[in-house]
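I opened this model to go through its sheet, its cores and one residue of interest. My notes are below the display.

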Amino acid sequence: MALSLERFLRLVEEVTTYNAPLIDALKLLAYLMPHYLGLAVPAALFFAVLLGVRALNDHSEITVMRAVGLAQETLIKPVLIFAATLTVVMLILVSWAQPHSRYEYRVLLHNIKTQNDLAHIKPGMFEKLGDEITIRAENIEPGTAVMQGFFAASLPDTGVKTFISAEKA
């Protein structure tokens, strides 16, 4: 949670810059959770084992276990089983969940950034985007950036005109 708070503040700043709803910042943060879990879970396991063994040592419980003839393997076996299970979970998290959530994060961030660019476009009107691009759309689906009857014209500094038309863009 501590890792994600700082990132959440940066996401809120990013989202509010583009006049998007605050819920989008929470969605972006949720997409980053597999990444943060991939960092935090192994560290948490390490500290849990370290503190558990230290507590056993501080109360001389390890000495008592050895005195009664209990092997150290008996103490280590549950920890190793839990670590092996956690390794499988982390393998799934790192190999499947992280790439998918990172992709969804980038898609949502891209949509937030481009939605504001297209918010001022009025259906049936030619609009200039910068100095080089002019676009027109017959219809724009509400709540999305999908345009019907799309036309774009570009005249870059090279002087080569480019025209693009599409049924849907």
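These entries go from the core to a serine and then to the sheet.

**Entry 1: the model.** I am working with a predicted model.

**Entry 2: the largest core.** I asked which residues make up the largest nonpolar core. I found twelve: L11, V15, A20, A25, L28, L29, L32, Y36, Y105, L108, L109 and I112. I then looked up which elements give two or more residues to this core. They are α1 (2-17), α2 (23-58) and α4. α2 gives the most, with five residues. As a general note, nonpolar side chains tend to be buried together in soluble globular proteins.

**Entry 3: L11.** I picked L11 from that core and listed its contacts, leaving aside neighbours within four places in sequence. L11 is in contact with A25, L28, L29, L32 and Y105.

**Entry 4: another core.** Apart from the largest core lies another, of seven residues. I noted I121, I135, A137 and M147 among them.

**Entry 5: S101.** I located S101 in helix α4, which covers residues 72-118. Is S101 buried or exposed? Its relative accessible area is 11%. The cut-off for buried is under 20%, so S101 counts as buried. Next I checked what the side chain of S101 reaches. It is the backbone oxygen of Y31, at 3.1 Å. I also listed the contacts of S101, not counting residues up to four places away in sequence. S101 touches Y31 and P34. Y31 thus appears in both look-ups for S101, as the residue whose backbone oxygen is reached and as one that S101 touches.

**Entry 6: the sheet.** I turned to the strands. Four of them form an open sheet in the order β1-β2-β3-β4, and the pairing is antiparallel. Which strands are at the edges? They are β1 (127-129) and β4 (162-168), and each pairs on one side only. On average, neighbouring strands of this sheet are turned by 20 degrees against each other, direction ignored.

**Entry 7: β3 and β4.** How many bridges join β3 to β4? I found six, between strands that run antiparallel. β3 spans residues 147-154. I looked up two bridge partners in β4. F150 has A166 as its partner there. Q148 has K168.

**Entry 8: cover over β4.** Last, I checked how many of the seven residues of β4 are buried. The count is zero, and β4 is hardly covered. β4 is also an edge strand of the sheet.

Methods: Residues are numbered from 1 along each chain as its sequence is written. This is a predicted model: local features need pLDDT of at least 70, side-chain atom pairs count only at pLDDT 80 or more; totals for chains, interfaces and linings use all residues. Side-chain values use heavy atoms; hydrogens and water are left out. Two strands pair if DSSP finds at least two bridges between them. Helices (H or I, at least four residues) and strands (E, at least two) are DSSP runs, numbered from the N terminus. Axes are lines fitted to C-alpha atoms, for helices over the stretch in contact, and angles run from 0 to 180 degrees between N-to-C directions. Buried means under 20% relative accessible area, exposed over 50%, partly exposed in between (1.4 Å probe, protein chains only). A polar contact is a pair of N or O atoms within 3.5 Å; within protein, one must be able to donate a hydrogen and the other to accept it, and residues adjacent in sequence count only if both atoms are side-chain atoms. Contact means heavy atoms within 4.5 Å. A nonpolar core is a set of buried Ala, Val, Leu, Ile, Met, Phe, Trp, Tyr and Cys residues joined through side-chain atoms within 4.5 Å.
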